[in-house]
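Reader: I'm new to reading protein models and would like a hand. Could you show me how to go through one, feature by feature?

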Amino acid sequence: MKHYTLHDGVAVVTLDQPSVNSLSHALRSFIVQALDAAQADAAVRAIVLAGNARAFSAGADVSELGTPRQLAEPILPTVLQRLDAAGKPVVAALAGVALGGGLELALACHARVGLDSAAVGLPEINLGLIPGAGGTQRLPRLVGVPVALEMMLGGAPRSARQLADSGLFERVVANDVVDAACAVARTLAAQGGVLPRVRDRQPEAATVAAQVAAAREQLNPRQRLQPAYAALLEAVAACALPFEQGLQRERELFLSLVSTTAAQALRYQFKAEREATRLPPQFQAEPRAVEAVAVIGAGTMGTGIAICALDAGLSVLLLEQGGQALERGTQRVHEHYAGRVAAGKMAQGAAEAAQARLKATLDWANLAGADLVIEAVFEDLAVKRDVFRRIDAHARPGTVLASNTSYLDLDAIAAATARPQDVLGLHFFSPANVMKLLEVVRGAHTAPDVLATGMALGKRLKKMPVLCGNAFGFIGNRIYNAYRKQCEFMLEDGAWPEDVDGALTAMGFAMGPFTVADLSGLDIAWRMRKAQAATRDPRERYVGILDELCEQGRLGRKSGAGYYAYPDGKQASTTDAVVRSLIEKASAQRGITRRPLDAATIQRRALLAMINEAALLMAEGVAAGASDIDVVLVQGYGFPRWEGGPVFWARQQDRSTLECELRELAAGAGPTQRVGDLALLLG
Ligand code: NAI
């Protein structure tokens, strides 16, 4: 096998394994053989390691994870030792991506040259790990502790252009990266003497300690809950040690993380996300082409949806019922882009191009130009059915018709048209241009290619599309409602809102349920409760605290008070006397002697409520797979990703204990509460 081509004394070793040069056993072996051959070749003065257009290397080969090949020599550290020992200069030419082990490979070379668009990073933290092949030791030696920590704590790749002055690259070029690397390699060869190795630089101990301490201070509460963040700081602190000792420390820390629940949960989420975004075989079909989208309703959601469609390069028609609402909505879109440009997050030209694709209208006849229509008008069945009748009258045959409804019956909406096969739900989350989750809802008549179009559009909008059946609240809101109800029970049983919120944020939730309720406004739930009052089973355990708060005008943060008061706009840390007496009254009315609940009990009850509802959802076929439920909770509801999701959590528990607890929980919720079958979640 030919390992390299010679270019005027430089051996160019090209890594070219489909598709992203994952560091498989085969590729690692190839690199070692190529290095050996080039070292032995008298015609070679220097070596360039290059990738293909897509990747220098995207890092470890996931298909090898956990197999003997992953651990078979040469393992990556052995490859890097060969680079350390090389007698001829080796220069890495980076184009495409250089991530994880791929970047560690480049860091062990004598110099790096990057194409300006190359994306480099050490994303191990996203999987609950730290770099395990010298990344924590070499990167700070090259770019300094602060930048290295930013890259490793953030986990997101950066472009070579952004890092041009960081010290990572000898040169960053706009094209011909291999030629530029060859030139650098020849210069190094011509210089003679000791080759520059990153490992030979010795950072100053006191500076490293101070910089690591500063970064530790900056960790946010959610990072502090995950073992990988502390381990990363410790590994980077070890770069003040002699190199080999630092490497050893990194290795120990890396190994200590591999089997943590957090790392397992993050690996699980990664897989679950990939599975969730694929349609089950029976629904697979060729998606319909979508270039022109019409959004009906230019309110909070409509404008957010319009923005993400514009960002994805689609053309957007924004349709409203009245001129003022249309003007306000269009203005919001323009202000959004102006804000991004002002913050330096978007180039003026790109913002102008996006806005040029937006057209605002009051004329329904314009719908004829749309490939897909998304309705985001008021959450009212009669209004939505009327809107769908009008869409039906104007949209071309074959146009995909979507509703952004949160709770309403999609089939009742679809029945307002003569083409229910073209109707699906696309449930975005607020703010629609930020939140990743997209529930793709299948109605009784939705055609497979319409579902496929919804999933494809979701991906194009850079969302995480998850298939759901048509049931009240779909997956996310349905589980969230069960969770929120359980949290309300806990108020009656003896906890204060801050106890519940505090216990759940201590577990890693982005926010507790009462803070969330205050933030989104209690009146939305109040309105829904009133609408459901007539059909509510009187035997259901119903907690009326929220209704009473609303009756007192405490609608949440926007009205200055809800579960919490907001003196000076900041949430009070404890609830006030008014709320406490409301809660005490509710307990007394139910004949409950209040007893404080500790954080572990609160967390467990909240999780049990979620998994019970998850099992019920599975029984009804609302979720295609149990892991989809975890994706929804993590992506849309602030469930701590490193805990995997409620289903993952349930799988770590003792089954018979869980079954017993679920029965107890149901007993506390009144005779209407159904108990889910755990077999559907645990397998
Ligand atoms: P919004 O009240 O901010 O906006 C609704 C807009 O629809 C208004 O501008 C209104 O003028 C317009 N509209 C009403 N009837 C219309 C008609 N017949 N023709 C044309 N335009 C009409 O409401 P928001 O919050 O944007 O919600 C819209 C939909 O999105 C609802 O179904 C809601 O359940 C759903 N949703 C809302 C979320 C949220 O957090 N706000 C989250 C996920 C879904």
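Author: Sure, let's start with a definition: a residue is buried when its relative accessible area is under 20%, exposed when that area is over 50%, and partly exposed in between, using a 1.4 Å probe and protein chains only. Before we use it, note that this is a predicted model, where local features need pLDDT of at least 70 and side-chain atom pairs count only at pLDDT 80 or more, while totals for chains, interfaces and linings use all residues. Residues are numbered from 1 along each chain as its sequence is written, and side-chain values use heavy atoms, with hydrogens and water left out.

Reader: Okay, so is D568 buried or exposed?

Author: D568 counts as exposed, at 81% relative accessibility. It's also worth a look for its backbone. Most residues other than glycine have a negative phi, and most peptide bonds are trans. D568 has a positive phi near 55° without being a glycine. You'll find D568 in the loop between α23 (545-551) and α24 (577-589).

Reader: What do those α and β labels stand for?

Author: They're DSSP runs numbered from the N terminus: helices are H or I with at least four residues, and strands are E with at least two.

Reader: Where does N21 lie, and what is its phi?

Author: N21 lies in the loop between β2 (10-14) and α1 (25-40). Its phi is positive too, about 50°, and N21 is not a glycine. N21 is buried, with a relative accessible area of 0%.

Reader: And which residues are joined by cis peptide bonds?

Author: One cis bond joins E73 and P74, with omega about 0°. P74 sits in the loop between α2 (68-71) and α3 (76-85). Another cis bond links S430 and P431, with omega about -5°, and P431 is in the loop between β16 (423-428) and β17 (437-442).

Reader: How do I read a sheet?

Author: Start with pairing: two strands pair if DSSP finds at least two bridges between them. Here, eight strands make an open sheet with mixed pairing, in the order β13-β12-β11-β14-β15-β16-β17-β18. The edge strands β13 (358-361) and β18 each pair on one side only.

Reader: How many bridges join β16 to β17?

Author: Four, and these two strands run antiparallel. On the other pairing, three bridges join β15 (residues 400-403) to β16, and those strands run parallel. Take G425 in β16: S403 stands opposite it, and its bridge partner in β17 is V441. L426 stands opposite V440 in β17.

Reader: Is β16 enclosed or open to the outside?

Author: Six of the six residues of β16 are buried, so this strand is largely enclosed by the rest of the structure. V423, G425 and H427 are buried on one side, and L424, L426 and F428 on the other.

Reader: What is a nonpolar core?

Author: In soluble globular proteins, nonpolar side chains tend to be buried together. A core here is a set of buried Ala, Val, Leu, Ile, Met, Phe, Trp, Tyr and Cys residues joined through side-chain atoms within 4.5 Å. The largest one has 96 residues, and I391 and Y563 touch the most other members. Helix α25 (residues 599-619) gives the most to this core, with 11 residues. A second, separate core of 68 residues includes A38, A86, L219 and L232.

Reader: How do two helices pack, say α8 and α10?

Author: Compare their axes, which are lines fitted to C-alpha atoms over the stretch in contact, with angles from 0 to 180 degrees between N-to-C directions. Helix α8 (residues 205-218) and α10 come within 9 Å and cross at roughly 170°. They are therefore roughly antiparallel; that word is for angles over 145 degrees, while under 35 is roughly parallel, 65 to 115 roughly perpendicular and the rest oblique. Contact means heavy atoms within 4.5 Å, and V208, V212, A215 and R216 in α8 meet L233, E234, V236 and A237 in α10.

Reader: Why does the length of α12 agree with what is expected?

Author: The expected span is 1.5 Å times one less than the number of residues. For the 16 residues of α12 (residues 261-276) that should be 22 Å, and the end C-alpha atoms are 21 Å apart, which agrees. Its buried residues include A262, L266, Y268 and A276. Among the elements covering them are α10 (227-237), α11 (243-258) and β18 (464-469).
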